[in-house]
Amino acid sequence: MVGKLMVVRLVLAISVLGNLLLTTSAQSQACSSHTFTENRVFTTCRDLPHLSSYLHWSYDQSSGRLDIAFRHSGISDSDRWVSWAINPNNDLSSSMTGAQALVAISQSGGTPRAYTSSIQSPATQLAEGAISYPHSGLTATRQNNEITIYATLTLPNNTATLVHLWNDGSLSGSTPQAHSLSNTQSKESLDLLSGATQAGSSGGSLRRRRNVHGILNAMSWGTLMPLGAIIARYLKVFKSADPAWFYLHVTCQTSAYIVGVAGWGTGLKLGSDSTGVTYDTHRALGITLFCLGTLQVFALLLRPNKDHKIRIYWNFYHYAIGYATIIISIINIFKGFEALEVSVGDRYNDWKHAYIGIIAALGGIAVLLEAYTWFIVLKRKKSANKTAHGINGTNGVNGYGSSAQHV
């Protein structure tokens with residue numbers, strides 16, 4: 001009965017924490033809740049899908065007047081450049097070349113210097129220069145870890161949509177350096193009137209696949225796999241949980257492997273679709289996990305009987321590969337979070353914190369069960385010794401309870 005209660009509590013804990021992982025991303029602060037200083041008000045805003053950025057704007061289509069405020073948060077460096085740009089050609093495939101940029105440079109965490117730059121090639125260093133759009137009121141501010149660019153642009157009459165892009169990078173002195181190659185998806189086609197993005201943008205699809213990849217791997221390699229190990233190590237101590245613990249263990253590990261392979265496959269697809277973006281360590285650990293998980297599946301098929309002479313060696317192999325897989329899984333999930341921080345900023349911190357909560361809960365459960373199962377094992381051993389001692393005494397072994405010797 002105790003074993004069954006443990007199983008129920010474990011399942012409930014993982015269900016609650018899993019739901020937390022899936023829902024916490026929706027709790028991020030939306031652009032609509034932001035209040036600007038100096039009584040600035042914009043009619044429309046959008047939470048941009050990359051780099052913890054937000055675009056606020058008011059647009060009059062008849063005159064072409066576009067008032068914008070571009071916010072970029074999550075900046076930890078004191079020396080940083082931030083840019084928001086429009087591509088006049090409305091070409092998403094080569095949106096950087098020809099883009100007309102508004103740039104803000106912040107040095108030593110001070111007030112940023114704002115200027116314009118016409119980007120002629122991807123190797124640009126954002127040299128100051130005129131842009132093709134008439135503009136006014138170009139300023140920039142910095143509050144803690146957020147830089148905001150304000151400007152008023154005049155677009156061609158009756159413009160309804162535009163291709164815009166945004167990015168950030170480091171400085172060498174006061175000269176902007178190339179942005180990270182992982183930040184190549186911060187672009188989209190935007191409808192200025194409705195605020196919707198156009199179907200031609202690949203950012204939404206990429207973001208969905210990235211989310212699917214992260215959820216599949218966090219719930220399989222990072223949650224079900226450790227849960228299966230906890231079940232195998234601790235629940236088998238309880239006689240009432242036998243043989244249920246074995247089937248639960250196999251179910252957890254098999255499910256983790258199947259879902260994990262799906263997550264691994266989505267990762268390979270993401271890598272092939274992200275030309276120039278590489279996460280070597282994350283990729284290598286993912287391939288290693290797939291290999292170790294596959295070895296465990298084959299080992300299950302070749303498991304010898306309990307009384308077989310090589311069973312002890314199989315057990316050692318099974319434990320070593322299993323624990324190595326769990327450790328590498330957890331490490332690689334955090335490597336995945338690091339990759340997200342590079343590409344989209346701190347927007348996925350809630351996911352990271354939720355997963356830390358899951359691992360902490362599993363670790364706490366393991367510690368409690370470790371102590372409790374040791375208590376049970378020692379208690380049983382002590383009881384067995386007393387029983388053996390009583391039997392030996394009754395039978396007259398070792399001189400206890402023996403009758404007197406007669407000459």
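Is Lys335 buried, partly exposed or exposed, and at what relative accessibility? In this predicted model, Lys335 counts as partly exposed because its relative accessibility is 29%, a value that lies between the cut-offs of under 20% for buried and over 50% for exposed. The side chain of Lys335 meets that of Glu338 in a salt bridge, with an N to O distance of 3.8 Å. Both residues belong to helix H5, which spans residues 311–344, and they are separated by three residues, or about one turn of the helix. Glu338 is likewise assigned to the partly exposed class, because its relative accessible area is 40%.

The salt bridge within helix H5 may be set beside two others that link distant parts of the chain. The count of salt bridges comes to seven, and among them is the pair formed by the side chains of Glu188 and Arg46, for which the N to O distance is 2.7 Å. This pair joins strand E12, where Glu188 is located, to strand E1 (residues 44–47), which holds Arg46, across a separation of 142 residues. Both Glu188 and Arg46 are buried. A further salt bridge is found between Glu146 and Arg71, whose closest N and O atoms are 3.2 Å apart. Here the link runs from strand E8 (residues 146–154), which contains Glu146, to strand E3 (residues 65–72), which contains Arg71, and the two residues are 75 residues apart. Glu146 and Arg71 are also both buried.

The pair Glu146 and Arg71 recurs in the surroundings of His34, since His34 touches both of these residues as well as His56, when residues up to four places away in sequence are not counted. His34 itself is placed in the loop between helix H1 (2–23) and strand E1. With a relative accessible area of 24%, His34 is partly exposed, whereas its contact partners Arg71 and Glu146 are buried. Between His34 and Tyr54, which are 20 residues apart in sequence, the C-alpha to C-alpha distance is 9.9 Å.

Strand E12, which carries Glu188, also takes part in an open sheet of five strands, arranged in the order E6-E5-E4-E9-E12 with antiparallel pairing. Strand E6 (113–118) and strand E12 (187–191) form the edges of this sheet, each pairing on one side only. On average, and with direction ignored, neighbouring strands of the sheet are turned by 25° against each other. Strand E5, covering residues 100–106, pairs with E6 in the antiparallel sense over six bridges, and within this pairing Ala104 has Ala114 of E6 as its bridge partner.

The backbone geometry was also examined for departures from the usual pattern. Most residues other than glycine have a negative phi, and most peptide bonds are trans. The peptide bond from Asp242 to Pro243, however, is cis, with omega near 5°, and Pro243 is situated in the loop between helix H2 (203–234) and helix H3 (244–273). Ser52, although not a glycine, has a positive phi of about 50° and lies in the loop that runs between E1 and strand E2 (53–60). A positive phi, here of about 65°, is also found for Asn158, which is not a glycine either, and which is placed in the loop between E8 and strand E9 (161–169). As regards accessibility, Ser52 counts as buried because its relative accessibility is 1%, whereas Asn158 is exposed, with a relative accessible area of 58%.

Conventions. Residues are numbered from 1 along each chain as its sequence is written. This is a predicted model: local features need pLDDT of at least 70, side-chain atom pairs count only at pLDDT 80 or more; totals for chains, interfaces and linings use all residues. Side-chain values use heavy atoms; hydrogens and water are left out. Two strands pair if DSSP finds at least two bridges between them. Helices (H or I, at least four residues) and strands (E, at least two) are DSSP runs, numbered from the N terminus. Axes are lines fitted to C-alpha atoms, for helices over the stretch in contact, and angles run from 0 to 180 degrees between N-to-C directions. A salt bridge is a side-chain nitrogen of Lys or Arg within 4 Å of a carboxyl oxygen of Asp or Glu. Buried means under 20% relative accessible area, exposed over 50%, partly exposed in between (1.4 Å probe, protein chains only). Contact means heavy atoms within 4.5 Å.
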